[in-house]
Amino acid sequence: MHFIKLRKIWYAISIAVILPGLISLMLQGLNLGIDFTGGNLLEVRFTEPVPVEKVRQMVAAQGLEVSRGIQKSGTTDYIIRTRHLTQDESDRLIAALSKLGKSTVLRNESVGPTIGRELTTKAILALLIASVLMVIYITIRFEFKQGIAAIIALLHDTLVVTGIFSLFRIEVDSAFVAALLTIIGYSINDTIVIFDRIRENMLTRKKGESLEDVVNASLWQTLTRSINTVLTVVFVLVALYFLGGSTIRNFVLAMLIGVVSGAYSSICNASPLWVDFKLMEKRAKAKEARA
């Protein structure tokens with residue numbers, strides 16, 4: 001299989017995955033957790049399954065406004081988001097829920113909207129700084145066009161993760177930001193390995209060998225390493241998702257989606273994009289020479 005000659009197919013697959021998420025982001029945005037919006041979050045685990053309607057009625061009986069409904073997690077866990085509660089209101093709510101059956105409070109958090117705005121600003125700033133530093137590093141070590149191709153591939157991974165979270169209304173909290181930054185670091189590492197092999201092969205490029213063939217050979221030479229690396233990470237993440245606690249489940253899910261997307265974008269997006277940039281540059285120079 002010639003990865004570079006099939007690059008339009010890879011681009012089409014990426015667009016097909018990203019587009020629904022982009023539409024969802026524009027229409028309904030992200031399901032922001034209290035880390036961003038402010039409010040109280042109470043996670044309760046019952047020893048026996050309790051109908052969600054009974055939980056909803058009990059919360060309403062306390063005269064509390066539920067900000068985003070009541071989310072059932074598993075068979076016996078419930079996540080309840082409300083406005084800001086005083087300590088007395090929180091204690092009354094917990095006591096009322098205990099009447100539905102023996103229960104354990106897993107989380108009882110309160111976050112102000114000011115902290116949420118600060119977290120949003122810092123998250124965006126962190127992503128921008130990381131992107132700029134990566135472009136500088138790749139430009140120094142390789143070339144500017146490869147830096148741009150790498151950043152586009154990272155943008156692809158970010159949009160895939162955020163789009164899926166928006167589509168399925170999965171809660172986004174501060175751990176999601178940490179997951180995105182980790183995904184970016186993982187994905188750029190794989191891309192750098194591939195770019196390094198391309199650079200080595202360009203130095204020993206045979207006369208008459210096309211750029212597409214050199215890059216394709218480089219991808220095949222690093223493919224086993226890329227697949228083995230992503231599979232070992234995926235195995236750990238899958239185990240964490242099913243066996244880890246509910247508090248890290250969304251973080252692990254974001255990592256799982258991002259790691260798979262990162263492996264795909266490094267192989268099927270970053271290098272093919274660089275080839276397109278180089279071919280565009282070659283055509284522009286040829287046009288100038290004819291003028």
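## A buried ion pair, and the helices around it

Let's start on the inside: both Arg81 and Glu171 are buried, a word kept here for residues under 20% relative accessible area, with exposed meaning over 50% and partly exposed the range in between (1.4 Å probe, protein chains only). The model is a predicted one, in which local features need pLDDT of at least 70 and side-chain atom pairs count only at pLDDT 80 or more, while totals for chains, interfaces and linings use all residues. Residues are numbered from 1 along each chain as its sequence is written, and side-chain values use heavy atoms, leaving out hydrogens and water.

These two buried residues are partners. Arg81 and Glu171 form a salt bridge whose closest N and O atoms are 1.6 Å apart; the term means a side-chain nitrogen of Lys or Arg within 4 Å of a carboxyl oxygen of Asp or Glu. Because Arg81 sits in strand β4 (residues 77-82) and Glu171 in strand β6 (residues 171-172), the pair ties together parts that are 90 residues apart in sequence. Helices and strands here are DSSP runs numbered from the N terminus, with helices (H or I) of at least four residues and strands (E) of at least two.

Just before β6 there is a backbone detail worth a look. Arg169, in the loop between α6 and β6, has a positive phi of about 55 degrees although it is not a glycine. Most residues other than glycine have a negative phi. Arg169 is partly exposed, with a relative accessible area of 34%.

Another link across the sequence involves Ser174. Its C-alpha atom is separated by 6.2 Å from that of Asp35, although the two residues are 139 apart along the chain. Asp35 belongs to helix α2 (residues 34-37) and counts as buried, at 15% relative accessibility.

Now to the long helical stretches. An unreviewed UniProt entry places the feature "transmembrane region" at residues 9-27, 123-140, 147-168, 174-195, 227-245 and 251-275; UniProt positions follow the numbering used here, feature names are shortened, and annotations may be inferred rather than shown by experiment. In the model, residues 9-27 are 100% helix and 0% strand, with the end C-alpha atoms 28 Å apart. Residues 147-168 are 95% helix and 0% strand, and there the end C-alpha atoms are 32 Å apart.

On the outside, Ile15, Leu19, Leu22, Ile23, Met26 and Leu27 make a nonpolar surface patch of about 630 Å². Patches join residues with over 30% relative accessible area and no salt bridge, linking like charges within 9 Å and nonpolar side chains (Val, Leu, Ile, Met, Phe, Trp, Tyr) within 5 Å; the areas come from the Shrake-Rupley method with a 1.4 Å probe, and for residues only the protein chains shown count as cover. One of the patch members, Leu22, lies in helix α1 (residues 7-27).

On the inside, the largest nonpolar core has 30 residues, of which Ile188, Val215, Leu219, Ile267, Trp274 and Val275 touch the most other members. Such a core is a set of buried Ala, Val, Leu, Ile, Met, Phe, Trp, Tyr and Cys residues joined through side-chain atoms within 4.5 Å. The elements giving two or more residues to this core are α1, α5 (113-141), α6 (144-167), α7 (174-203), α8 (211-243) and α9 (249-290). Helix α9 provides the largest share, 8 residues.

Helix α9 also carries charges. Lys278 and Glu281 lie 3 residues apart in α9, about one turn of the helix, and they form a salt bridge with closest N and O atoms 3.5 Å apart. Salt bridges that share partners join Glu143, Lys145, Lys278, Glu281 and Lys285 into one network. The whole structure holds 14 salt bridges.

Let's finish with helix α3 (residues 52-61), whose buried residues are Val55, Met58 and Val59. They cover an arc of only 100 degrees around the axis, so they fall on the same side of α3; the arc is taken from the directions from the helix axis to the C-beta atoms. An α-helix has 3.6 residues a turn, so residues three or four places apart point the same way. The face of α3 turned away from its buried side carries the exposed Ala60 and Ala61. Glu53 and Arg56 form a salt bridge, with closest N and O atoms 3.0 Å apart; being 3 residues apart in α3, they are separated by about one helical turn. Glu53 is partly exposed at 40% relative accessibility, and Arg56 is partly exposed at 37%. After α3 comes Gly63, whose phi is positive, near 70 degrees.
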